[in-house]
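Colleague: I've got a few things to ask about this chain. Can you pull it up so we can go through it together?

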Amino acid sequence: MNVLFKLVNSKLWIIIIKSSWGWKIKFQKIKFILLLLILVFLLISISILSLSKGSVLIDKKDIWLAIFQKGGELTQIIIWELRLPRLIASLLVGSSLGVSGALLQGMLKNGLASPYLLGISAGSGLVIVIF
């Protein structure tokens with residue numbers, strides 16, 4: 001295994017390695033941490049946007065006050081009983097569908113595996129019709 005070069009920057013280390021499969025680029029931990037921080041920031045931003053939009057528009061300041069239960073009573077009811085449960089449910093359902101799809105594709109070793117292709121959707125439709 002030959003190392004072509006190692007570029008050490010203040011924020012990112014890139015190592016290009018020649019192996020038996022060809023050239024391979026390895027990124028160190030900093031890229032992963034940066035990507036994780038960007039995803040967390042986007043998740044929080046979209047969550048705040050989801051909590052603020054609706055039939056009653058709520059400011060970002062009022063959202064934070066309602067989350068810490070220091071805002072108006074109407075705002076707290078809207079956030080805690082309507083929008084926050086919907087947001088949490090959508091995050092849980094979306095993440096579980098993503099994980100189940102990744103597991104399905106990983107177990108079958110087929111990147112194109114889908115519930116429609118395997119008949120899972122038809123079976124779930126049958127169960128819904130029966131019950």
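Colleague: At which residue does H3 bend by about 40°?

Modeller: Keep in mind that this is a predicted model. A proline, proline 85, sits in H3 and follows the bend within four residues. The residue at the bend is arginine 83.

Colleague: And how far does H3 reach from its first C-alpha to its last?

Modeller: H3 has 36 residues. At 1.5 Å a residue you'd expect 52 Å, and the model comes close to that. The reach is 51 Å.

Colleague: Which residues of H3 are buried?

Modeller: For the chain as a whole, 15% of the 131 residues count as buried. In H3, the bend residue arginine 83 is on the buried list too. The full set is Thr75, Gln76, Ile78, Ile79, Arg83, Leu84 and Leu87.

Colleague: Now the largest nonpolar core: which helix gives it the largest share?

Modeller: That core has 9 residues, among them Ile48, Ile58, Ala66 and Leu87. H1 (29-52), H2 (60-67) and H3 (73-108) each put in at least two. With 4 residues, the largest share comes from H3.

Colleague: Isoleucine 58 is in that core. Leaving aside neighbours within four places in sequence, what is isoleucine 58 in contact with?

Modeller: Some of its partners are core members as well, including Leu51, Ile63 and Ile78. Arg83, where H3 bends, is another partner of isoleucine 58. The whole list is Leu51, Ser52, Ile63, Thr75, Ile78, Ile79 and Arg83.

Colleague: Is serine 52 buried or exposed?

Modeller: Serine 52 is in helix H1, and it touches Leu57, Ile58, Ile63 and Arg83, not counting residues up to four places away in sequence. Its relative accessible area is 9%, and the cut-off for burial is under 20%, so serine 52 counts as buried.

Colleague: Which backbone oxygen does the side chain of serine 52 reach?

Modeller: Serine 52 is a residue of H1. Its side chain comes to 3.0 Å from a backbone oxygen, and that oxygen belongs to leucine 49.

Colleague: Zooming out, in what order do the elements of the chain run from the N terminus on?

Modeller: There are 5 helices and 3 strands to place. The strands come ahead of the helices. Written out, the order is β-β-β-α-α-α-α-α.

Colleague: Last one: how much of the area the chain exposes do carbon and sulfur atoms supply?

Modeller: The chain exposes about 10,800 Å². Of that area, carbon and sulfur atoms supply 71%.

Notes
Residues numbered from 1 in each chain as written. Predicted model: local features only at pLDDT ≥ 70, side-chain atom pairs only at ≥ 80, totals over all residues. Heavy atoms only, no water. Core = buried A, V, L, I, M, F, W, Y, C linked by side-chain atoms within 4.5 Å. Buried < 20%, exposed > 50% of the residue type's maximum accessible area, 1.4 Å probe, protein only. Contact = heavy atoms within 4.5 Å. Areas by Shrake-Rupley, 256 points an atom, 1.4 Å probe, with all protein chains shown as cover. Expected span 1.5 Å × (residues − 1). Bend = angle between axes of the 7 residues up to and from the residue. Polar contact = N/O pair within 3.5 Å; in protein donor to acceptor, adjacent residues only side chain to side chain.
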